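This report describes selected features of the structure shown below. It treats an aromatic cluster, the contact between the chains, and the second chain in turn.

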Amino acid sequence: MDHLDRAPIGDMSSTLVSLIQANDKIRFIYRHSTDKGEFLLDTDELAAQLEDVPLSEPAVLNWIGEYIKENLEDIQGGII
Amino acid sequence: MKSLAELQAIKAKMQNKVNLRTSDDVNAVRVVVGMATCGIAAGARPVLNAFVEGVNEAGLNDKVAVSQTGCIGLCQYEPIVEVHQNGEKVTYVHMTAEKVATVIEKHLKGGKVVAEFTAQNG
């Protein structure tokens, strides 16, 4: 982040939630690795837990947003 | 810490609710929010979230589908929300999260278009 050519990535949690909301049948795999650790989100894993409940269900989307935010803060924190 | 087990809890709660999807209903309403870069820059994400939550809380999930679309071509009017019903389309412009509550109440529930929020021609 200190480098001139490395612009901030932005709000990944909201971005991914928007993508999943509109495309709940598409499998998204998001891998975010830093020196502190790695975070992997695979929507197929979430769908397996939910069975019939679609990923676009509001309660699920809320959960996904917070899940991503928490995990990214753990491995990176601050502005990503 | 969020855990996958919480998803199980959400699933269990959903089993009690009847979740009908709107595919066959001719009277189904489609709410389309413009989510291209013009839309997002103008603040369409809170509008989309307000619709998703509002429709859910109003219990209209089986009658109203909320979806996203790309650039509609009226970027100066973003955030734009289109409401499709029975082959007709109402276009709301300069939407905000606060206005969403009014649209849900008057249009989606009450069936009356909120004229003040639509595009004015001429």
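## Aromatic cluster in chain A

Phe39(A), Trp63(A) and Tyr67(A) are joined into a cluster by ring pairs. The model is a predicted one, and two aromatic pairs are found in it over all chains. The geometry of the pairs is tabulated here.

| Ring pair | Distance between centres | Angle between planes | Class |
|---|---|---|---|
| Phe39(A) and Tyr67(A) | 5.7 Å | 70° | edge-to-face |
| Trp63(A) and Tyr67(A) | 4.5 Å | 15° | stacked |

The pair of Phe39(A) and Tyr67(A) is edge-to-face because its planes stand at 70°, and planes over 60 degrees apart fall in that class. This pair connects distant parts of the chain: Phe39(A) belongs to strand β2 (residues 37-42) of chain A and Tyr67(A) to helix α3 of chain A, 28 residues apart. The pair of Trp63(A) and Tyr67(A), by contrast, has its planes at 15° and is therefore stacked, the limit for stacking being under 30 degrees. Trp63(A) and Tyr67(A) both lie in helix α3 of chain A; they are four residues apart, so about one helical turn separates them.

How accessible are the members of the cluster? Phe39(A) has a relative accessible area of 3% and is buried. Trp63(A) likewise counts as buried, at 3% relative accessibility. Tyr67(A), at 14% relative accessibility, also counts as buried, because the limit is under 20%.

## Contact between chain A and chain B

The contact draws 22 residues from chain A and 20 residues from chain B. The area buried between the two chains is about 2,100 Å², and carbon and sulfur atoms give 59% of it. On the side of chain A, the residues that lose the most area to chain B are Gln21(A), Gln49(A) and Trp63(A), which together make up 31% of what that side buries. Trp63(A) thus appears both in the ring cluster and among the residues that lose the most area to chain B.

One salt bridge is counted between chain A and chain B. In a salt bridge, the side chain of Glu51(A) meets that of Lys11(B), at 3.0 Å from N to O. Between the chains there are also eight residue pairs in polar contact, both residues being at pLDDT 80 or more.

Three elements of chain A, namely α1 (12-22), α2 (43-50) and α3 (58-75), give two or more residues to the side that touches chain B. The largest share of that side, nine residues, is contributed by α3(A). Sorted by class, the side of chain A that touches chain B comprises 10 nonpolar, six polar and six charged residues.

## Chain B

Chain B contains four helices and four strands, which follow the pattern α-β-α-α-β-β-β-α along the sequence. Chain B has 122 residues, of which 39% count as buried. Among its contacts between residues at least 6 apart in sequence, 63% join residues at least 24 apart.

A loop residue gives a local view of this chain. Ala58(B) is located in the loop between α3 (44-57) and β2 (64-69) of chain B. With a relative accessibility of 29%, Ala58(B) counts as partly exposed. Which residues does Ala58(B) touch, not counting residues up to four places away in sequence? These are Ile104(B) and Lys109(B). Ala58(B) and Lys109(B) are 51 residues apart in sequence, while their C-alpha atoms are 8.5 Å apart in space.

Terms used. Residues numbered from 1 in each chain as written. Chains lettered and ligands numbered in written order. Heavy atoms only, no water. Contact = heavy atoms within 4.5 Å. Buried area = accessible area lost by both parts, 1.4 Å probe. Salt bridge = Lys/Arg side-chain N within 4 Å of Asp/Glu carboxyl O. Polar contact = N/O pair within 3.5 Å; in protein donor to acceptor, adjacent residues only side chain to side chain. Nonpolar A, V, L, I, M, F, W, Y, C, P; charged D, E, K, R; others polar. Phe/Tyr/Trp six-rings, centres within 6.5 Å; stacked < 30°, edge-to-face > 60°. Buried < 20%, exposed > 50% of the residue type's maximum accessible area, 1.4 Å probe, protein only.
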